[in-house]
Amino acid sequence: MRVIHARALGLRLEAAWLGAADRCVLAGAAPQAVDAALTRWGFAEGPFARAARLGAERSFPG
């Protein structure tokens, strides 16, 4: 079976990735620790490093 809506699927997966990272920070983890854990797990960069690279205007707790 082909995935016709691949773009929508990618956006959903990215939203879940960002949501999980936010919940980790809300639970008390430092954003840098979340990024480090995800890069050790195989991601090219963590969500908070990515947001900083893209110039996101957001302050993170911690």
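**Exercise 1.** Determine which residues of helix H2 are buried, and on which side of the helix they stand.

*Solution.* Step 1: Helices are DSSP runs of H or I with at least four residues, numbered from the N terminus, and H2 covers residues 31–41. Step 2: A residue is buried under 20% relative accessible area, exposed over 50% and partly exposed in between (1.4 Å probe, protein chains only). Pro31, Val34, Asp35 and Leu38 are buried in H2. Step 3: These residues lie on the same side of H2, because they cover an arc of only 100 degrees around the axis, taken from the directions from the helix axis to the C-beta atoms. Step 4: Gln32 and Arg40 are exposed on the face turned away from the buried side.

The model is predicted: local features need pLDDT of at least 70, side-chain atom pairs count only at pLDDT 80 or more, and totals for chains, interfaces and linings use all residues. Residues are numbered from 1 along each chain as its sequence is written, and side-chain values use heavy atoms, leaving out hydrogens and water.

**Exercise 2.** Identify the residues of the largest nonpolar core and the helix that gives the largest share.

*Solution.* Step 1: A nonpolar core is a set of buried Ala, Val, Leu, Ile, Met, Phe, Trp, Tyr and Cys residues joined through side-chain atoms within 4.5 Å. Step 2: The largest one has six residues: Trp17, Ala21, Val25, Val34, Leu38 and Phe48. Step 3: Helix H1 (6–26) and H2 are the elements that give two or more residues to this core. The largest share, three residues, comes from H1.
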